[in-house]
Amino acid sequence: NTQRFANRKILITGASQGIGEDAAMHFAREGAQVAINGRKAEKLRPLLEKLPQPAQGKHLIVAGDMSVEEDVDRVMKETLEGFQGLDVLICNAGMQIECPSEDITLKDFNAVMAVNVTGVVLCARAALRYWRDNDQPGNIIVNSSVHQQIPKPHYLGYSASKGAVGNIVRTLALEYARYNIRVNAVAPGAIVTPINDSWVKDPEKYEATAKHIPMKRPGECREISDAMAFLASGESSYITGQTLFVDGGLTLYADFEENWS
Ligand code: NAD
C-alpha cells in the first residue's frame with residue numbers, strides 16, 4: 001500500500017455503490033482526500049465511515065444529481081470550498097435502461113443521456129473553469145464502457161451516450177492539453193456491480209456472460225479502480241485523450257479465436 005495520492009483531492013461522482021464506491025476506497029487507502037457524490041447523502045454515509053482517514057484534511061459528502069445543472073454547480077462549489085482545491089475529477093455516475101429500440105420513450109432516452117453525457121459535460125465544465133481561473137493543472141477521468149465501441153442492442157441511449165463520451169474526452173483533451181489538463185476515459189467490460197444484478201445474481205446468465213469474455217470471467221471493481229488510479233497518477237503524465245479498455249479482451253472480436261480461417 002503506497003500513499004501515492006497523499007495530499008491529492010479527488011471528486012468521484014456516483015460513489016454510493018459499485019465502481020465509484022470501490023474507487024473512493026482505493027484512492028482513500030492511497031492517501032487521497034475524496035469527495036463522494038451520489039444523489040442522496042444518507043446513502044453515502046456508510047461509505048464515509050469506512051474510508052481510511054487522510055493524513056491531512058478530511059473526506060466530503062457532496063450529494064446531488066449529476067444530470068441537473070444547479071446540483072452540479074453546487075456540488076463543485078462544496079467540493080472546492082471544502083477541499084480548497086481539486087486535483088482529479090472522476091465522472092463515474094452512469095445509468096442504463098433496457099428497451100427494444102422501436103419502443104424507446106423520449107423520457108427514458110433523455111434520462112440516460114442526461115446522466116451519462118450532460119452530467120459529464122457539466123462536471124467537466126465546472127472543474128475546467130476552476131483550473132483555468134486558478135491557472136492550475138488538472139485531470140479528468142470519465143467512466144465510459146466497452147459500449148463506446150461495441151453496439152449494445154436494447155440499450156440505445158446507453159450506446160449513444162458512451163460513444164459520445166469517447167469524443168468528449170478526445171475533444172477536451174485537445175482543447176486543454178496546452179494547460180496541462182489531461183482528460184482520459186476507462187472503458188470497463190462486464191464488471192460485477194449492482195448495475196449488472198440481472199446476470200450477476202443468476203448462475204446461468206453469469207456463466208453465459210463469462211463464456212463470451214476472452215479471459216472467461218467478469219472483472220472486479222478493483223480492476224477498474226486500478227486503471228483509474230493509473231490515469232490519476234503521475235505514471236500516466238504524458239497520456240491524454242485516450243480510452244483505456246479494461247475488459248478481459250471483450251473488444252477483441254472474441255469469435256475470431258475459434259473461427260479464424
Ligand atoms: P452502479 O449502478 O452500481 O453505480 C452507478 C452509480 O452512479 C450509483 O452510485 C448511482 O447512484 C450513481 N448515479 C446514477 N445516476 C446518478 C445521478 N444522476 N447523479 C449522481 N449519481 C448518479 O453501476 P456501476 O457498474 O458501478 O457503474 C459505474 C459506471 O461504470 C457507469 O458510468 C457505468 O456506465 C460504467 N460501466 C459499468 C460497467 C459494469 O459492467 N458494471 C461496464 C461498463 C461501464
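The following exchange concerns the ligand surroundings and the salt bridges of a predicted model.

Trainee: Which residues are the closest to the ligand among those that surround it?
Mentor: In this predicted model, the shell around the ligand holds 27 residues. The closest of these are S16, D65, Y158, T193 and N196.

Trainee: How do the residues of that shell divide into nonpolar, polar and charged?
Mentor: The shell draws on several kinds of residue, and the polar ones number 14. Beside these stand 3 charged residues, and the remaining class, the nonpolar one, has 10.

Trainee: Which residue has a side-chain N or O atom 2.8 Å from an oxygen atom of the ligand?
Mentor: Two contacts of ligand oxygen atoms involve the backbone instead, with a polar backbone atom of G14 at 3.3 Å and a backbone N or O atom of N92 at 2.9 Å. The contact at 2.8 Å, which is made through a side chain, belongs to S16.

Trainee: How much of the ligand's accessible area does the protein cover, given the contact with S16?
Mentor: On its own, the ligand has 820 Å² of accessible area. Of this area the protein covers 94%.

Trainee: Which elements give two or more residues to the shell around the ligand?
Mentor: Two helices meet this condition, one spanning residues 18-29 and the other residues 156-176. They are α1 and α5.

Trainee: How many residues apart are R8 and D87, whose side chains meet in a salt bridge?
Mentor: The N to O distance of this salt bridge is 3.8 Å, and R8 is partly exposed, with a relative accessible area of 33%. R8 lies in the segment before β1 (9-12), whereas D87 lies in the loop between α3 (69-83) and β4 (88-91). The pair therefore links distant parts of the chain, and the separation is 79 residues.

Trainee: Which helix holds both D71 and R74?
Mentor: The side chains of D71 and R74 form a salt bridge with an N to O distance of 3.9 Å, and R74 is partly exposed at 34% relative accessibility. The two residues are 3 apart, which means about one helical turn between them, and the helix is α3.

Trainee: Which residues are joined with R222 and D226 into one network of salt bridges?
Mentor: The closest N and O atoms of R222 and D226 are 2.6 Å apart, and the two residues stand 4 apart in helix α8, about one helical turn. Both count as partly exposed, D226 at 31% relative accessibility and R222 at 46%. Through salt bridges that share partners, the network also takes in R217 and E223.

Notes: Residues are numbered from 1 along each chain as its sequence is written. This is a predicted model: local features need pLDDT of at least 70, side-chain atom pairs count only at pLDDT 80 or more; totals for chains, interfaces and linings use all residues. Side-chain values use heavy atoms; hydrogens and water are left out. A residue is near a molecule or strand if one of its heavy atoms lies within 4 Å of it. A polar contact is a pair of N or O atoms within 3.5 Å; within protein, one must be able to donate a hydrogen and the other to accept it, and residues adjacent in sequence count only if both atoms are side-chain atoms. Accessible areas come from the Shrake-Rupley method with a 1.4 Å probe; for residues, only the protein chains shown count as cover. Ala, Val, Leu, Ile, Met, Phe, Trp, Tyr, Cys and Pro count as nonpolar, Asp, Glu, Lys and Arg as charged, and the others, Gly among them, as polar. A salt bridge is a side-chain nitrogen of Lys or Arg within 4 Å of a carboxyl oxygen of Asp or Glu. Buried means under 20% relative accessible area, exposed over 50%, partly exposed in between (1.4 Å probe, protein chains only).
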